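Let us walk through this model together, from one helix out to the contact between the chains. Please keep the viewer open as you read.

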Amino acid sequence: MFEKKDEFVPTGAAETVVGTSVKLKGTLKSDGDITVDGSVNGEIKTKGTVTVGPNANIIANVHAKNVNIAGTVQGNVVATDRLSVSESGRVYGDISANILSIAAGALFSGKSTMAENVKEPEIELTVEKEEEPVLEEVLESPKK
Amino acid sequence: MYYYIINPASGGGKINKVQDKLKDRLKELGIAGEFVKSTGPGDIARLTKMAIDKGYKTIVAVGGDGTINEIINAIGGSGIALGIIPMGSSNELANMLGITEWQMACNILAARKVEEVDLGLINDKLFVTAASIGFDNVLFDLKRGQRIGSFGRLSFMTKLSAAARSYKPIHLELNLDGKFSVETDCFNFSLSNGAFLNYVPQKSKPQDNMLDAVLISHLNFGDAIKYGQGTLDLSKKPGQVSVFHTKKIKVTSKDPVPVSADGKVVAETPVTIEVSDRKLKVIVSKKRHF
């Protein structure tokens with residue numbers, strides 16, 4: 001049970017829901033959670049979580065805090081926090097996330113970027129900070 | 001002074017059984033005011049305008065959502081506060097405001113706590129609870145003619161079964177705020193100004209300047225019966241319900257279909273439904289649901 005939870009994080013009552021038989025075209029923007037069980041052609045943007053149900057078919061770029069994919073997404077997916085693709089998920093496009101989880105059996109065709117990799121150079125900068133006391137001494141010396 | 005507009009036809013004539021007790025209670029509370037009775041279609045609007053001309057600041061609807069709808073459309077921009085004594089077959093607004101029966105309504109009127117709520121607009125008609133297309137309109141017709149008591153309930157169930165069996169879904173196209181369009185076959189479509197209907201998300205508020213579009217795509221016979229009885233839990237029907245938040249929606253269908261507001265048919269498709277610039281001042285309970 002715990003493994004399943006890791007693969008696909010369910011959300012509570014979403015503010016926006018696209019039902020199974022619904023075909024949506026255009027830009028779907030929201031501040032809250034979005035659940036898609038039908039088809040979307042366009043763009044999806046939210047500050048919350050996007051949940052793509054097993055029967056969903058999305059031809060759109062998706063940008064959200066968290067993205068859970070159990071259906072099909074054709075487009076680029078950006079999750080500022082967590083992206084999870086469950087075993088029934090199909091993603092054809094580039095993905096970017098801070099935390100990435102792709103279950104065995106899922107299909108992913110594209111390039112993946114993880115925010116952790118991008119942050120690596122910051123570690124070197126931290127090392128440089130250790131020299132700061134020396135710099136302060138140099139700066140303070142003219143005052144004396 | 002309060003101005004009471006009594007609709008004697010509301011809720012199958014509920015008011016006739018309690019009218020004297022109601023007046024006595026209002027007198028006890030010192031808010032008796034003036035009582036008028038509507039005599040037929042269009043009369044509520046005439047009585048409302050009469051109250052405005054007489055300078056009343058509070059009009060009390062003694063009836064249901066249909067009575068309230070006629071009053072709010074006649075109030076216009078006069079700034080009059082609306083009170084409610086629920087007596088209708090449908091009392092969605094009263095329930096949302098925390099007013100569940102007439103004795104409680106009298107106390108709430110005496111306390112006179114006023115809030116502003118949003119109004120919706122269909123063409124030039126205002127509504128306060130919800131606009132509907134589809135099976136809701138069948139239900140409104142059935143409830144309007146429903147008699148009180150067990151015979152009335154049995155008759156309602158018989159008619160509901162027949163309606164659910166013969167009902168055909170409607171193909172609708174929606175354009176929301178000019179940003180995206182939605183196409184689907186639907187059992188029912190409603191545009192709610194808050195959580196007035198039991199299947200609208202509880203986050204929905206009548207003060208958020210938004211309407212909640214709820215599409216129910218398909219229901220089988222058994223679920224349609226439960227829907228008609230108000231006992232269907234749509235949260236257990238994933239995929240069959242779509243929810244969107246919008247300020248303005250354009251609804252089109254292949255053939256014209258009726259569109260209701262506050263339980264009364266006021267237009268037909270194609271139609272534009274939006275949040276109105278006008279607000280309604282309404283007397284509320286401390287136990288209101290928003």
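How many of the 11 residues of α3(B) are buried? In this predicted model, 11 of the 11 are, so α3(B) is largely enclosed by the rest of the structure. Here a residue counts as buried if 20 or more other C-beta atoms lie within 10 Å of its own, as exposed if 12 or fewer do, and as partly exposed in between, with C-beta atoms placed from the backbone. Among the buried residues of the helix you will find B:D65, B:E70 and B:N73 alongside B:I68, B:I71, B:I72 and B:I75. Just after α3(B), look for B:G76, which takes a positive phi of about 60 degrees.

A word on conventions before we zoom out. Residues are numbered from 1 along each chain as its sequence is written, while chains are lettered from A and ligands numbered from 1 in the order in which they are written. Because the model is predicted, local features need pLDDT of at least 70 and side-chain atom pairs count only at pLDDT 80 or more, whereas totals for chains, interfaces and linings use all residues.

Now take in the whole of chain B. Its secondary structure comes to 8 helices and 16 strands; helices (H or I, at least four residues) and strands (E, at least two) are DSSP runs, numbered from the N terminus. Of the 290 residues of chain B, 44% count as buried. The radius of gyration of chain B, taken over C-alpha atoms, is 19 Å, which agrees with the value near 19 Å for a compact globule of 290 residues; that rule is 2.2 Å times the number of residues to the power 0.38. Along the principal axes, the C-alpha atoms of chain B fill a box of roughly 55 × 45 × 35 Å. The average pLDDT of chain B (the predictor's confidence in each residue, from 0 to 100) is 91, and 96% of the residues score at least 70.

Chain B is divided into domain 1 (2-113) and domain 2 (127-276), with bounds that come from an automatic or database domain assignment. Their centres, taken over C-alpha atoms, are separated by 26 Å. The contact between them takes 11 residues from domain 1 and 15 residues from domain 2, where two residues are in contact if their C-beta atoms, placed from the backbone, lie within 7 Å. On the domain 1 side, α3 (65-75) and α4 (92-96) of chain B each give two or more residues. Our helix α3(B) gives the most to that side, with 5 residues.

What does chain A bring? Chain A has 3 helices and 12 strands, and 34% of its 144 residues count as buried. Residues 24 or more positions apart account for 9% of the contacts in chain A with a separation of 6 or more; in chain B, the corresponding share is 72%.

Finally, turn to where the chains meet. The contact takes 20 residues from chain B and 19 residues from chain A. On the chain B side, β9 (180-186) and β12 (241-246) each supply at least two residues, and β9(B) gives the most, with 6 residues. Strand β2 (residues 23-30) of chain A runs antiparallel to β9(B), and 4 bridges join the two; strands pair if DSSP finds at least two bridges between them. To locate this pairing, start at A:L24, whose bridge partner in β9(B) is B:V182. For the complex, the predictor gives an ipTM of 0.84 and a pTM of 0.83.
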